[in-house]
Amino acid sequence: MTEAPRRTALDATHRALGATMTDFAGWDMPLRYSSEREEHVAVRTRAGLFDLSHMGEITVTGPQAGALLDYALVGNIGALKVGRARYTMICATDGGILDDLIVYRLDEREFMVVANASNAQVVLDALAARQAGFDAAVRDDRDAYALIAVQGPESPGILKKITDADLDGLKYYAGLPGTVAGVQALIARTGYTGEDGFELFVRPADAVAVWEALTEAGRDVGLVPCGLSCRDTLRLEAGMPLYGHELTTALTPFDAGLGRVVKFEKEGDFVGRAALEAAAERAEQNPPRKLVGLVAGGRRVPRAGYPVVAADGTVIGEVTSGAPSPTLGKPIAMAYVDAGYATPGAEGVRVDIRGTHEPYEVVALPFYKRQK
Amino acid sequence: MDNPQQLRYSKEHEWLSDAEGGVSTVGITEHAANALGDVVFVQLPEVGATVTAGESCGELESTKSVSDLYSPVDGEITEVNEEVANDPSLVNSAPFEGGWLFKVKISGEPEDLLTADEYTAFAAG
């Protein structure tokens with residue numbers, strides 16, 4: 001891309017905090033503010049503050065908004081209650097994953113679809129193309145929102161100080177409108193870290209005020225600003241897929257071990273149904289590869305694209321994401337491996353790390369699950 | 001950040017101490033350590049290995065990436081920092097001190113090593 005990266009409403013705040021910035025999906029985003037490992041540990045043990053304004057918001061409204069989303073996405077969206085959210089996917093006709101999404105039902109006739117920054121245009125185009133015949137409108141709201149997340153065990157206490165919303169009544173994967181730091185926000189109990197936490201959709205003009213209020217409210221419990229680098233290691237430990245790594249157009253949700261998001265039982269046809277039914281059967285009877293966790297015996301870090309090999313050097317899979325895990329104290333990875341090697345404890349699994357075959361343990365995902 | 005005046009620097013962001021008995025200490029600069037992020041693994045050359053200026057002699061691995069480690073001079077490795085092998089975070093916390101990487105008996109020096117001021121300008125550009 002030749003265009004200059006876009007800057008979020010919090011850009012000046014990040015620079016004042018001394019963030020190392022990185023170009024991510026066309027946006028200039030904070031990679032880290034200090035040590036990414038310390039930021040990671042802060043989210044696991046205290047709380048972290050993220051600017052996620054690069055995420056793509058799309059609003060779908062109208063009497064048939066739910067019916068449109070049932071047709072366009074693989075989930076049962078029309079059945080969602082007002083104030084609840086769902087993790088879902090949008091697939092191509094051949095069943096390939098176009099993006100993974102969170103959909104919030106804001107009202108009977110209003111939904112907010114949150115797409116990955118890199119796929120927001122693809123999702124918008126697909127929804128526009130699938131809208132024909134439905135009494136519903138699709139609106140590009142990417143510029144209408146800044147998104148600030150506060151994640152970690154201290155996040156409910158921090159947010160309570162600056163909102164009148166009933167956070168105790170707000171369940172995981174629920175969202176409600178409320179006031180935060182005196183401004184209007186959609187408060188959602190969602191995240192991508194494996195911890196309890198909140199995502200706050202606010203007007204860009206209010207983003208700095210909300211960020212500063214959260215910073216102040218979290219000061220005495222050790223809240224720190226967090227960049228995308230630790231967001232990646234947090235989601236990896238939590239076994240959460242990342243589009244472009246574990247999820248691609250070449251894979252169906254069933255190939256990715258996420259067939260549960262596809263709701264064949266919902267009413268009516270939906271884009272990809274026939275191909276996904278075939279994919280479900282293939283995954284059940286004769287899966288070529290499965291997504292697994294790998295934990296290193298040594299200290300060298302597997303990276304996306306590194307081959308997974310058997311004892312005799314045969315390639316049996318490929319790493320999709322890898323990083324040193326601050327929580328486990330060892331390198332970890334997610335990888336697609338041949339079904340015969342996908343059982344936890346499978347013998348003889350190695351990763352080819354720049355020519356050296358290093359031993360790895362196959363484990364079930366996730367690597368980390370918070371104690372509730 | 002301050003690059004110590006008494007050191008010399010390579011364009012690959014290594015620093016080199018003044019030789020004592022022909023042996024210099026080598027590490028990476030604070031600028032390089034900051035650019036890498038948290039260093040999690042360091043593969044150092046073997047003691048006795050011959051190294052060549054500008055050629056890879058090891059690896060530095062951070063959360064996000066892996067980078068080659070270069071020697072700023074030609075020579076033979078006389079000692080490696082076992083402490084940094086065990087605790088790679090020393091590269092971030094004390095790049096010019098406890099985070100040194102190896103000592104090398106110099107047999108040849110390239111002509112383009114930089115002074116502290118030259119390196120500071122180079123790293124800023």
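What share of the 125 residues of chain B count as buried? The figure is 44%. Keep in mind that this is a predicted model, and let us start the tour with chain B.

**Chain B**

Chain B contains four helices and nine strands. If you follow the sequence from start to end, these elements come in the order β-β-β-α-β-β-β-β-β-α-α-β-α. The C-alpha trace of chain B spans about 35 × 35 × 20 Å along its principal axes. A compact globule of 125 residues would have a radius of gyration near 14 Å, and the 13 Å of chain B agrees with that. Among the contacts in chain B with a separation of 6 or more, 62% join residues that are 24 or more positions apart.

**Where the chains meet**

Chain B also touches chain A. Eight residues from chain B and eleven residues from chain A take part in this contact. On the chain B side, the residues divide into three nonpolar, two polar and three charged.

**The domains of chain A**

Turning to chain A, its domain assignment gives domain 1 (6-53 + 145-237) and domain 2 (288-372). The C-alpha centres of these two domains of chain A are 30 Å apart. Where they touch, ten residues of domain 1 of chain A are in contact with eleven residues of domain 2 of chain A. On the domain 1 side, helix H2 (36-45) and helix H7 (228-237) of chain A each supply at least two residues. That side of domain 1 of chain A has two nonpolar, three polar and five charged residues.

Here are the two described sides together, by residue class:

| Side | Nonpolar | Polar | Charged |
|---|---|---|---|
| Chain B, touching chain A | three residues | two residues | three residues |
| Domain 1 of chain A, touching domain 2 of chain A | two residues | three residues | five residues |

**A helix with two faces**

Helix H4 of chain A covers residues 120-130, and its buried residues are Ala120(A), Val123(A), Ala126(A) and Leu127(A). Why do they sit on the same side of H4(A)? They cover an arc of only 130° around the axis, and that puts them on the same side of the helix. The face of H4(A) turned away from the buried side carries Asp125(A) and Ala129(A), which are exposed.

What covers the buried residues of H4(A)? The cover includes helix H3 (65-72) of chain A, along with strands E5 (56-61), E6 (85-91), E7 (97-107), E8 (110-115) and E9 (137-140) of chain A.

Definitions and conventions: Residues are numbered from 1 along each chain as its sequence is written. Chains are lettered from A and ligands numbered from 1 in the order in which they are written. This is a predicted model: local features need pLDDT of at least 70, side-chain atom pairs count only at pLDDT 80 or more; totals for chains, interfaces and linings use all residues. A residue is buried if 20 or more other C-beta atoms lie within 10 Å of its own, exposed if 12 or fewer, and partly exposed in between; C-beta atoms are placed from the backbone. The arc is that of the directions from the helix axis to the C-beta atoms. Two residues are in contact if their C-beta atoms, placed from the backbone, lie within 7 Å. Domain bounds come from an automatic or database domain assignment. Ala, Val, Leu, Ile, Met, Phe, Trp, Tyr, Cys and Pro count as nonpolar, Asp, Glu, Lys and Arg as charged, and the others, Gly among them, as polar. The radius of gyration is taken over C-alpha atoms; the globule rule is 2.2 Å times the number of residues to the power 0.38.
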